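Trainee: Could you take me through one part of this protein slowly? I would like a close look at a helix, and then at what lies around it.

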Amino acid sequence: MARVLHNLFFCLIRLALKIRLWGYWSLIYGYCALCAVVALLKLWWSIVLRPTATFQWVIRESPPACLNDTSLGTHCYVRIKESGLRFHYVAAGERGKPLMLFLHGFPEFWFSWRYQLREFKSEFRVVAIDMRGYGESDLPLSTDSYCFEYLVTDVKDIVEYLGYNRCYVVGHDWGGTIAWLFAIHYPEMVTKLIVLNCPHPTVFTDYALRHPSQLLKCSHFFFFQLPRFPELMLSINDFKALKALFTSRNTGISRKGRWLTAEDLEAYVYVLSQPGALTGALNYYRNIFSSLPLSHNHVRSPVLLLWGERDAFLEQEMAEACRLYIRNHFRLNIISGASHWLQQDQPDIVNTLIWTFLKEGEGRKSHRN
């Protein structure tokens, strides 16, 4: 009798897990379908209003001058033997100084760190990379090429290629997710971790599943699961939707005086208008539901989390919850009036807060020495 009850108990557990898994994927695919319907309505309305302009977009042939600004650093390339991929990065500051590595988000590239490259090159070897699938780095088109394991290994391989075994890691948005994961899996390689507007991946998963408002804010996660259609919607009307991410009242850079110039905006369009570029960028999203939840969660490096108060995509409540997974010093700064594009929106405040965090503990170390 006891054996029968024991087997029945485990059968019920397996059934509950299957039902939960079925519900999880039903939610994902159902929301994908809903987002597709909304996008189709937007496309139809665009065709009604601008029938000739809707399907016109231009692949930019030449980069704007701002991408060749020598004050930002030197353009370099590295081919990683293990993956076979070539990566592009911009580097400044003296070789041999501590390495500060910058990881960008969607839909950005190394240029989003221009204010930080200028600021920190005095005391660091600053390196802003184009993540795989972006900019001048290689663009694998297979969705499987963008799993978390490969993205984190890219960072490890690049750090080692640069001749370092430790670094300061700074990540924003998707780059923030990879920065969290790099610190989790390679704690010995992270001196300090700095993340901008990106929660710990486990916090994001747990919070989004319990708060429908957050699911609505990240509805693009579901829409981007569709093949080809998101690329079309981001391209129509000469990349109007792409430009709106940075310039609209709801999602764009909010601080007057820090709005992207026409040349800055053209830099983003130049990079993402290239063949295959949008697919490479969107493939980060197309792997996320297979990569979460995480099996390892804890971060053992000191962490600075900076958060723009007016983030249109991520709810602020997730920022404080990140503290649960950090086994070291944790500092959280909420920046009033700032948008999701924090390092471009409020570079002076961001740079000051990073400097303060970097200097913390130096006095104690010198005293012990």
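Mentor: Here is a walk that starts at one helix and moves outward. Keep in mind that this is a predicted model.

Start with helix 8, which covers residues 229-247. Count along this helix and you get 19 residues. A straight helix of that length, at 1.5 Å a residue, would reach 27 Å. Now look at the two end C-alpha atoms of helix 8: they are only 23 Å apart. Where does helix 8 bend? Go to N237, where the bend is about 115°.

Stay on that residue. N237 sits in helix 8. Its backbone stands out too: N237 has a positive phi of about 55°, yet it is not a glycine. Most residues other than glycine have a negative phi. So the bend in helix 8 and the positive phi fall on one residue, N237.

Next, see what helix 8 faces. The largest pocket holds about 1,200 Å³ of space. Its lining counts 44 residues. Nearest the centre of this pocket are K42, H220, F224, L245 and F313. Several elements give two or more residues to the lining: helix 1 (2-49), helix 4 (174-185), helix 5 (201-210), helix 6 (212-217), helix 7 (219-223) and helix 8. Which of them gives the most? Helix 8 does, with 8 residues. By class, the lining of the largest pocket has 29 nonpolar, 10 polar and 5 charged residues.

Now compare that open space with the enclosed ones. The structure has 2 cavities of 30 Å³ or more. The second largest cavity has about 40 Å³ of space. Its lining is made by F87, I129, M131, R132, L151, D154, V155 and Y284. Helix 3, residues 148-161, gives the most to this lining, with 3 residues. Sort the lining of the second largest cavity by class and you find 6 nonpolar, no polar and 2 charged residues.

Turn to the sheet. This is an open sheet of 8 strands, with mixed pairing. Read across it and the strand order is 1-2-4-3-5-6-7-8. At the edges are strand 1 (74-79) and strand 8 (330-335), each paired on one side only. From one strand to the next, the twist averages 20°.

What does mixed pairing look like up close? Strands of a sheet pair through backbone hydrogen bonds, either parallel or antiparallel. Take one pair of each kind. Strand 1 runs antiparallel to strand 2 (residues 86-92), and 6 bridges join them. Find H75, and you will see V90 of strand 2 opposite. Strand 1 and strand 2 make a hairpin, with 6 residues between them. In that turn, G84 has a positive phi of about 80°. For the other kind, go to strand 6 (residues 190-196) and strand 7 (residues 303-308), which run parallel and share 4 bridges. There, L196 has L306 of strand 7 as its bridge partner.

One last stop is in a loop. Most peptide bonds are trans. The bond from F106 to P107 is cis, with omega near -5°. Look for P107 in the loop between strand 3 (99-103) and helix 2 (114-120).

To finish, go back to where we began. Helix 8 bends at N237, and helix 8 gives the most residues to the lining of the largest pocket.

Notes: Residues are numbered from 1 along each chain as its sequence is written. This is a predicted model: local features need pLDDT of at least 70, side-chain atom pairs count only at pLDDT 80 or more; totals for chains, interfaces and linings use all residues. Side-chain values use heavy atoms; hydrogens and water are left out. The expected span of a helix is 1.5 Å times one less than its number of residues. The bend at a residue is the angle between axes fitted to the seven residues ending there and the seven starting there. On a 1 Å grid over the protein atoms alone, a cavity is a set of points where a 1.4 Å probe fits but cannot get out, and a pocket is an open set with protein on both sides within 12 Å along at least five of seven lines; lining residues have an atom within 4 Å of a point. Grid points are joined across faces, edges and corners, and a volume is the space filled by probe spheres set on the points. Ala, Val, Leu, Ile, Met, Phe, Trp, Tyr, Cys and Pro count as nonpolar, Asp, Glu, Lys and Arg as charged, and the others, Gly among them, as polar. Two strands pair if DSSP finds at least two bridges between them. Axes are lines fitted to C-alpha atoms, for helices over the stretch in contact, and angles run from 0 to 180 degrees between N-to-C directions.
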